[in-house]
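Biologist: I should be grateful for a close look at one strand and its surroundings. Please set out where it sits, what it touches and how it is packed.

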Amino acid sequence: MMQDATPVIRVSDYARARGFYAGQLGFDVIEEGGDPARFGIFRRDKAQLFINAWDGAGAAYEGWVAYIHVADIAATKADLDARSVAFVRGPVVTEYGMAEIEIADPDGNVICFGADA
């Protein structure tokens, strides 16, 4: 039985991405690999992301690289506002019944936070 999935987000500069995900978004760094580090496991509450630096990497593709389910979109927006995170879109209520906020990391990777509307 599948129980969980973790997105792997490609970045061009691991140190810069670490600063964004840990410093600005408030994720804890659970583990790092490489010398200097080029890979990390980041966790905040129950959400987990793998951040992987690849030479020449930019945004993997247009669209979301991760969708993080949250309990309260208003509280998430307030938390992101307090951390000075810029929004790409939202909050909006979608036709499929989710309230969503999109942000982008320094490489342009778009992450969507969503809660039942």
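Modeller: Helices (H or I, at least four residues) and strands (E, at least two) are taken here as DSSP runs, numbered from the N terminus. The model is predicted, so to speak of a local feature requires pLDDT of at least 70 and side-chain atom pairs count only at pLDDT 80 or more, while totals for chains, interfaces and linings use all residues. Residues are numbered from 1 along each chain as its sequence is written, and side-chain values use heavy atoms, with hydrogens and water left out.

The part I have chosen is strand 7, which covers residues 98-104 and contains E102. Two strands are said to pair if DSSP finds at least two bridges between them. Strand 7 belongs to an open sheet of 4 strands in the order 5-8-7-6, with mixed pairing. Strand 5 and strand 6 (87-93) form the edges, each pairing on one side only. From one strand to the next, the twist averages 15°; axes are lines fitted to C-alpha atoms, for helices over the stretch in contact, and angles run from 0 to 180 degrees between N-to-C directions. Strand 6 and strand 7 run antiparallel and are joined by 4 bridges; E100 of strand 7 is the bridge partner of V92.

Helix 2 lies across strand 6, strand 7 and strand 8, at about 20° to strand 7. Contact means heavy atoms within 4.5 Å.

Within the strand, E102 is buried, with a relative accessible area of 11%; buried means under 20%, exposed over 50% and partly exposed in between (1.4 Å probe, protein chains only). The side chains of E102 and W64 are joined by a polar contact of 2.8 Å, that is, a pair of N or O atoms within 3.5 Å, where within protein one must be able to donate a hydrogen and the other to accept it, and residues adjacent in sequence count only if both atoms are side-chain atoms.

I103 is in contact with residues including F20, L25, L80 and F113. In the largest nonpolar core, of 26 residues, I103 is among those that touch the most other members. Such a core is a set of buried Ala, Val, Leu, Ile, Met, Phe, Trp, Tyr and Cys residues joined through side-chain atoms within 4.5 Å. Strand 7 gives two or more residues to this core, whereas helix 1 supplies the largest share, 5 residues.

F20, in helix 1 (residues 14-24), is buried, with a relative accessible area of 7%. Its contacts include I103 and A104.

Technical notes:
Lists of a residue's contacts leave out its neighbours within four places in sequence.
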